[in-house]
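Open the model in your viewer and keep the sequence panel beside it. The stops below go from the whole chain to single residues.

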Amino acid sequence: MDELGGDYEQLLEMFESTAQQSHLVWHYDHAGSYVPVDFAHPLSDDELLAGGGPLGSSQALLRELEFIAPAIGIDPANPPAAPLPPAAPTELEEPAGAAPYDPSPFARERHVWLGLHAAATRSLAQGSMIVFS
């Protein structure tokens, strides 16, 4: 995103109100959480943002993931296996391991989709939160 510079900031401003309605889009990759409770829009206020980021619904996240899956070449009814978790705890600044080879032009998006899908389905099955920290 660094190469986009001001263009990225302008895009954020243009689409912020729409993005705030999406459980998939309106989250931080380093903070925030999802709970296994169904509600329409992500919750975000000063207290939540100060405490770690927006609060999303695991059910709504799963619906949004299933909606976009065909656009990136995933059958939501029969998705590929999720990426394997790290073998040991990782540090915040530690580089991520290499993603499995995927010749798709949406390889990165598919990798993220698979991880989020696994987290959302596990959250619903176990009644547990998804926490980004």
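A residue is called buried at under 20% relative accessible area, exposed at over 50%, and partly exposed in between, with a 1.4 Å probe and protein chains only. This is a predicted model, in which local features need pLDDT of at least 70 and side-chain atom pairs count only at pLDDT 80 or more, while totals for chains, interfaces and linings use all residues. Residues are numbered from 1 along each chain as its sequence is written, and side-chain values use heavy atoms, with hydrogens and water left out.

**Whole chain**

Select the protein chain and colour it by secondary structure. Four helices and three strands appear, in the order α-β-α-β-α-α-β along the sequence. Helices (H or I, at least four residues) and strands (E, at least two) are DSSP runs, numbered from the N terminus.

The C-alpha atoms fill a box of roughly 40 × 40 × 35 Å along the principal axes. The radius of gyration of the protein chain is 15 Å, which agrees with the value near 14 Å for a compact globule of 133 residues. That radius is taken over C-alpha atoms, and the globule rule is 2.2 Å times the number of residues to the power 0.38.

Switch to a surface. The protein chain exposes about 9200 Å², of which carbon and sulfur atoms supply 59%; the areas come from the Shrake-Rupley method with a 1.4 Å probe, and for residues only the protein chains shown count as cover. Of the 133 residues, 25% are buried.

For contacts, meaning heavy atoms within 4.5 Å, consider those with a separation of 6 or more: 57% of them join residues 24 or more positions apart.

Now colour by charge, with Lys and Arg positive, Asp and Glu negative, and His and the chain ends not counted. Each charge is placed at NZ of Lys, CZ of Arg, CG of Asp or CD of Glu. The mean positions of the 4 positive and 19 negative charges are 13 Å apart.

**Helix α3**

Select residues 58-68, which form α3. Which of its residues are buried? They are S58, A60, L61, L62 and L65. These buried residues pack against β1 (32-35), β2 (55-57), α4 (107-126) and β3 (130-132).

Go to the N-terminal end of α3, where S57 acts as the cap: one of its side-chain oxygens is 3.3 Å from the backbone nitrogen of Q59. A polar contact is a pair of N or O atoms within 3.5 Å; within protein, one must be able to donate a hydrogen and the other to accept it, and residues adjacent in sequence count only if both atoms are side-chain atoms.

Next select R63, also in α3. R63 is partly exposed because its relative accessibility is 45%. Add H23: the two C-alpha atoms are 9.4 Å apart, across 40 residues of sequence.

**Loop between α3 and α4**

Select D75 in this loop. Its relative accessibility of 42% makes D75 partly exposed. A polar atom of the D75 side chain lies 3.0 Å from the backbone nitrogen of A77. R110 is 35 residues from D75 along the chain, with 11 Å between their C-alpha atoms.

**Helix α4**

Select H117 in α4. Is H117 buried or exposed? At 13% relative accessibility, H117 counts as buried. Leaving out residues up to four places away in sequence, H117 touches L62, L65, E66 and P79.

End at S123, also in α4. S123 is buried, at 1% relative accessibility. With the same exclusion of residues up to four places away, S123 touches P36, S58, S128 and I130.
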